[in-house]
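User: Could you take a close look at one part of this model and show me how its surroundings fit together? Pick whichever part links the most topics for you, and take your time.

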There are 2 protein chains.
Amino acid sequence: MREPTYFILAALQDEPLHGYAIMTRAGELSRGRVRLATGTLYAALDRLTGEGYVVSTHEEIVNGRARRYYRLTPDGAAALRSEAEAMAAAARVVTDRTAFSPAPRPAAGLA
Amino acid sequence: MREPTYFILAALQDEPLHGYAIMTRAGELSRGRVRLATGTLYAALDRLTGEGYVVSTHEEIVNGRARRYYRLTPDGAAALRSEAEAMAAAARVVTDRTAFSPAPRPAAGLA
DNA sequence: TTTGCATATGTCGGTCGTCGGCATATGGTG
DNA sequence: CACCATATGCCGACGACCGACATATGCAAA
């Protein structure tokens, strides 16, 4: 899962949001790192719907314009948490380093 | 930066490695999550060299076949650390759920 | 008043990293 | 002998993402 997709799901953690609100929320959560292009957002929403990670809940008409709300499915929430754990583990590989000696260790058996 | 690229750089943290060793090391570090295709590896190595993140140090001839070793540049090491921090921060958005900004939090939990 | 931005959804062509298959070569194991 | 691990590299295809464009309203500044 790529970063833009991750932050789209993360934006939906608390409550259902419509597309535009997802964009701004993803920007907040990522501290400006991710600025979703509309092409990315709406394509991703369709894709994630097809994958069963999000569902459209309802529509509001505001100023003659539809707002389509999306929420996380249990599958989507699980995928998000799983991805977060993988990212944390990946980060640890770099951040948790014994600052002492990079004595090259001869490939301890990992599995 | 995508995950395969990240683990290529991470594989080079301790010592210079040649391509094939990078593949296996990246697999170890990611606990099997990333299995680099050769197409990914050698293309990425060229790209990262062009970006100044890695450099080729030397070549060994083993069994009539060249082994090309790569190491991280200071720029590459900095980019790797920066990426690790961004990933850790992104993971925290999901794993630590103390809502920090303008979103209401469902009272479900934490205790 | 007209310009421009925020809100809001959506399409389309192009880019770029990744993937998988193929090529090539040697040495060890079943 | 076949097969796998080791080892590097090319090439076509795919998919997520990006930026531009289209469209429409409300509001504030120039």
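Analyst: Happy to! Helices and strands here are DSSP runs, with at least four residues for a helix and at least two for a strand, numbered from the N terminus. With that in hand, chain A reads α-β-α-α-β-β-α from its N terminus, with 4 helices and 3 strands in total. Please keep in mind that this is a predicted model. Of the 111 residues in chain A, 30% are buried, and among contacts between residues at least 6 apart in sequence, 40% join residues at least 24 apart.

The part I'd like to zoom in on is H2(A), which spans residues 19-29. Its buried residues are Ile22(A), Met23(A), Arg25(A), Ala26(A) and Leu29(A). An α-helix has 3.6 residues a turn, so residues three or four places apart point the same way. The cover over the buried residues of H2(A) includes H1, strand S1 (17-18) and H3 of chain A, and H4 of chain B also takes part. Just past the end of H2(A), Arg31(A) has a positive phi of about 55°.

Let's follow one of those neighbours, H3(A), which covers residues 38-50. The axes of H2(A) and H3(A) lie 10 Å apart, and the two helices pack at an angle of about 110°. Angles of 65 to 115 degrees count as roughly perpendicular, and therefore H2(A) is roughly perpendicular to H3(A). The crossing of H2(A) past H3(A) is right-handed. On the H2(A) side the meeting residues are Gly19(A), Ile22(A) and Met23(A), and on the H3(A) side they are Leu41(A), Tyr42(A) and Leu45(A). By class, this contact has 5 nonpolar residues, 1 polar residue and no charged ones.

Now to the DNA. Gly19(A) turns up again among the closest of the 25 residues that surround DNA strand C, along with His18(A), Gly39(A), Arg2(B) and Gly39(B). H2, H3 and strand S3 (65-72) of chain A, together with H1 and H3 of chain B, each give two or more residues to that surface. The largest share there, 6 residues, comes from H3(B). Sorted by class, the surface near DNA strand C holds 10 nonpolar, 10 polar and 5 charged residues.

On DNA strand D, 26 residues lie around the strand, and Arg2(A), Gly39(A), Gly19(B), Tyr20(B) and Gly39(B) come nearest. H2 of chain B is one of the elements that supply at least two residues to this surface, while H3(A) gives the most, with 6 residues.

Finally, the other chain. In H2(B), the buried residues are Ile22(B), Met23(B), Arg25(B), Ala26(B) and Leu29(B). They pack against helix H4 (74-95) of chain A, as well as H1, strand S1 (17-18) and helix H3 (38-50) of chain B. Arg31(B), just after H2(B), takes a positive phi of about 55°. Between the chains, 26 residues of chain B touch 23 residues of chain A. Helices H1 (3-11), H2 (19-29) and H4 (74-95) of chain B each supply at least two residues to the chain B side of that contact, and H4(B) gives the most, with 11 residues. The chain B side consists of 16 nonpolar, 4 polar and 6 charged residues.

Notes: Residues are numbered from 1 along each chain as its sequence is written. Chains are lettered from A and ligands numbered from 1 in the order in which they are written. This is a predicted model: local features need pLDDT of at least 70, side-chain atom pairs count only at pLDDT 80 or more; totals for chains, interfaces and linings use all residues. Two residues are in contact if their C-beta atoms, placed from the backbone, lie within 7 Å. Ala, Val, Leu, Ile, Met, Phe, Trp, Tyr, Cys and Pro count as nonpolar, Asp, Glu, Lys and Arg as charged, and the others, Gly among them, as polar. A residue is buried if 20 or more other C-beta atoms lie within 10 Å of its own, exposed if 12 or fewer, and partly exposed in between; C-beta atoms are placed from the backbone. Axes are lines fitted to C-alpha atoms, for helices over the stretch in contact, and angles run from 0 to 180 degrees between N-to-C directions. Angles under 35 degrees count as roughly parallel, over 145 as roughly antiparallel, 65 to 115 as roughly perpendicular and the rest as oblique. A crossing is left-handed if the near helix is turned anticlockwise from the far one by less than a right angle, and right-handed if clockwise. A residue is near a molecule or strand if its C-beta atom, placed from the backbone, lies within 6 Å of it.
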